[in-house]
Amino acid sequence: MPVAKVYIVEDEAITALDIKRTLEKLNYEIVGIKDRGEDAIDDIAKLSPDAVLMDITLKGELDGIETARLLNIRKKIPVIYLTAHFDDETIDRSKSTNPYGFLLKPLNDRDLNSCLRMALYRFDTENKLNESESRLNAAKKKNLLLFNSLNSTALILNAEGLITSVNRYSEKEKFATTHFLNSDIRKVFPGKTGNKLFQLSEDTLKKGKRNIFKHIIKSGENSYNYETEFLKYSESEVLVIFSELNKVPENEFAVNKSEQKYRNLVKNSPFSITRLLIKTNKYEYVNDEFIRQSGYTLEEFNSLSYDEYFKLIHNDDREKVMNEYTGWIKEGCPGLKNLIYRIKNKNNEDIWLESYHFADKSIDGKIEAVNQVYININKQKKYEEILSESKQYLDAFFQQSFDGIFIAKTEKPVKWNKSKNNENDIEEILNSIRIVRANKPLADQFGTTVSDVLNVSPLEYYGTDIRKVKTRWKKFLDNGYSHISEYFSRADGSKIFIEGDYYCLYDNSKNFTGYLGIQRDMTERQIADEKLKLSEEKFRAVAESMPAQVVIYQDNRFVYANQYSEVITGYKINEILKKNFWDLVHDDYKDLVKERGEKRLKGEYAPENYEFSIVAKDKTEKWLNYSARIINYDGKKAVLGVATDITESRKIRDKIKQSEEKYRNFVNHSSEGIYRLEFRKPVPVNLAVDEQADLLKENVFIAECNRVFAQMYEYDSPDEIMGKNVNYLKYQNPDILSRIMKFIMNDYIIIDDEVSEIDAAGKRKYFIVNIFGVIENELLTSIWGVQREITEKKKSEKELQKSLEEKDILLKEIHHRVKNNLQIVTSLLKLQAGYVKDEKVKQLFRESQNRVQSMSLIHQKLYQTRDLAHIDFREYIETVTVHLQHSYGILEDRVKINTEVSNLVMSIDNAIPAGLIINELVSNSLKHAFPGGRKGNIYINAAYDEYKGEYWLLIRDDGKGIDHGLDINNSDSFGLKLVNTLVKQLAGIIEVVVKGGTEFRIHFKSADYKDRNS
């Protein structure tokens, strides 16, 4: 499954393709690519990608920022900008689209992947937080409704003892409450009462337990008895409820009216509300919301048994809830009891409830009923889990990011107003803000530890220039965002170039509370940019001093021209820069120059050097020798062109042309085939022979030829083959590579070389060829050739050899019969061995089979060759050693046989004994040199010394070695006796070396094959 679906909006096709392939390797799905913003908008809306990579600079009516703005109107999708420039104006414009990241070109795989993952995670987290925040706000509204529905004065205190909220009932209270908000409770109730209220509030917040305080409040000349209850409201707030003791309604009418309002409120409340009568232990009332949530009517609920009622509470919460609730009942139901637990409704669904319980008491304090309010907090619990999970994701990203990330916080929030003079606020921020969290990459960037980074003041980053610091901070606070690219000093004095993004953090009241920083070490890239700048300066210095036209064109337009361009063209530089690169070219060459230039920009092949003419400003025609190559200019592909004025040399060439016409008359009327070959790229003669041969074969083409040469290959006209590779000709030499290497090794000259060539139908032609290579500046630039056909002559020669071929066939048949007979012998030995029980005897049969197999392979080579005196011994060695390994069941991963044999040929008189020698010695090594599963190597070298006319054989192993006192002439081993006998047969010499294994050195004179007539 892909990581995410990504849409790419990029007007550089090569860049888009590179991003696509990179992301597909990283397991992203690319759902679309467009090069224009207006084309992408509908496509993105239809495909619904998870993220969009957007180039800021696009072709067409819309740039990347405008495209992103229109996308945001339709649907919220995270957009990451791709840009080669990162200026303040672009950043200011892009802020309105809420970008999820910026990637500077050229891109690298790690940054691309990291930025995409961070954007996707941030987008997902924002969605979850927004949803959670809306749910929490709804819960707060419900809590506020309950808060205001209390039939007593209620306050909310924060940890400092400040009153942050009062309910509506407080307006009816006997003591004035209008001045309570944002006041310290110790000042609202001065003296011991206020201090006691504050202390109980602190205790409730710290321990989470309920507190009750009975006291007297004076209002004017009157005094009133109150019971004040303290309940924990949140992690930093306490609910304080004032209840007047012995309170009596003013009249029955007011009571009835209030009761009616209460009933309406309860019935239509969005919370579940019940009333339990203590005397009967039955519910007097349940409202509509209770019936909807629980699924039980009042009658059904009252009919539940104790066990059934008990089992409604979730098993994990049951014991705790019942203990707390019964404890509260036993204590006499003091104040407001708050519980949080789960129940199962009639549909067996789990519901999280936050419940509030308060008792109705008679004048004598006896409990008459318990009122209960239930708030469904399923969604709140769900979003608490989401928030917890999001925090874990954020922590993981914070620690695993390759970028340095930190969070700095102020001691207290600061209300920032960018329109006013707020220098005091900046000083307050700078003096109090500290880094409170940082990851290891940030510490690594500054060459210190994470613990040393914490609590660092911003002033330590900027030095002592306070005015500069304040200016930067004012701009940062005004914008809410900042991007920097600059050098910083590490603790050890070294410099580091940082590129970072910084975002202001705010509380719910839009007050500044700190900022988030994400920064990366760009030192190496900055050094590279500085070197590039220096390189460009050097280029301009050289270009301006050259006596030739130097230009750069990009997207078909000139973007640079040196001073000498004015001399050649007659146009001023500012005039040249307004033209397409082909505008000055003569009409006869304009299409050619345009085609090659555009191919070059696309990365396709085009000649790097050629000639054409231009029309100067004064209308004169000038000839230029033009050289071009692809470069990178300002982060994009461009072409660097250098042109020299060759107008005068062209005039001289025109005169030469006349003499060439005389030459062509001679060539065209010659009775022999004449041709000239050239190369797409000249071939360096200082390369290795095989490299030259490959280049020559791939790049050669027929530059010119006469009619006789074309007719030799059955073409009517030279035009049919000129410009074609020689591989195009109907007749080809099967061994063309050997011919080419022979030409190279013979100093690029071949005289009277007889060659045969064949067509696809098998028809063969014969030629006598003379060829001569032209070398200029260590480069082979062309080949001249003259050839004569001798096919008819060869036909008569073939007839003379017909009888010889018949002899060859007969002889091969004999060898075939011999080989079959040897196979029969081998099979017989193998079958006989099957009846033998003795393992040693079986081994002897196997060795005999191998010896027969060795001779059989020699006859196989004889059968395959036309020349009975020349057997390919290299192929033989490779074949026989593979056979021996299989025969002894020893795989190459244990004993490896290494052969180093050049193109070695032998006559049959040499090959059979030499083959048997190798068979015996390799078998001996495989059997004895590597006992007990030991690993090792066997080495076989064979060569022919032309100077001495001797063959050399070397068979060596790195096994355990043989006895130092071995006398090979008197050995008991049949195999070694056989080797010694065969060496003597070859009139050779054998030496045995025992050092780090066993080595046999054998050399013998060449015994050329001779016909035997008797």
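This passage walks through an antiparallel sheet, the helix lying across it, and a few residues elsewhere in a predicted model. Residues are numbered from 1 along each chain as its sequence is written, and side-chain values use heavy atoms, with hydrogens and water left out. Because the model is predicted, local features need pLDDT of at least 70 and side-chain atom pairs count only at pLDDT 80 or more, while totals for chains, interfaces and linings use all residues.

Helices (H or I, at least four residues) and strands (E, at least two) are DSSP runs, numbered from the N terminus. Two strands pair if DSSP finds at least two bridges between them. In general, strands of a sheet pair through backbone hydrogen bonds, either parallel or antiparallel.

Here, an open sheet of 5 strands shows antiparallel pairing, in the order β17-β16-β20-β19-β18. Its edges are β17 (434-438) and β18 (481-489), each of which pairs on one side only. From one strand to the next, the twist averages 30°; axes are lines fitted to C-alpha atoms (for helices over the stretch in contact), and angles run from 0 to 180 degrees between N-to-C directions.

Starting from the β18 edge, strands β18 and β19 pair in the antiparallel sense over 9 bridges, and Glu486 has Ile498 in β19 as its bridge partner. These two strands form a hairpin with 5 residues between them, where Gly493 in the turn has a positive phi of about 95°. Strand β19 (residues 495-506) is in turn joined to β20 (residues 512-521) by 9 bridges, again running antiparallel. Tyr506 is partnered there with Phe512 of β20. The hairpin of β19 and β20 has 5 residues between the strands, and Lys510 takes a positive phi near 65°.

A helix joins the picture too: α14 (residues 423-432) lies across β16 (404-414), β17 and β20, and runs at about 125° to β16.

Further along the chain, Lys794 lies in helix α27 (residues 791-800). Is Lys794 buried or exposed? Lys794 is buried, with a relative accessible area of 14%, because buried means under 20%, exposed over 50%, and partly exposed in between (1.4 Å probe, protein chains only). Leaving aside neighbours within four places in sequence, Lys794 is in contact (heavy atoms within 4.5 Å) with Glu754 and Tyr766.

Phe772, a residue of strand β29 (residues 764-776), counts as partly exposed, at 45% relative accessibility.
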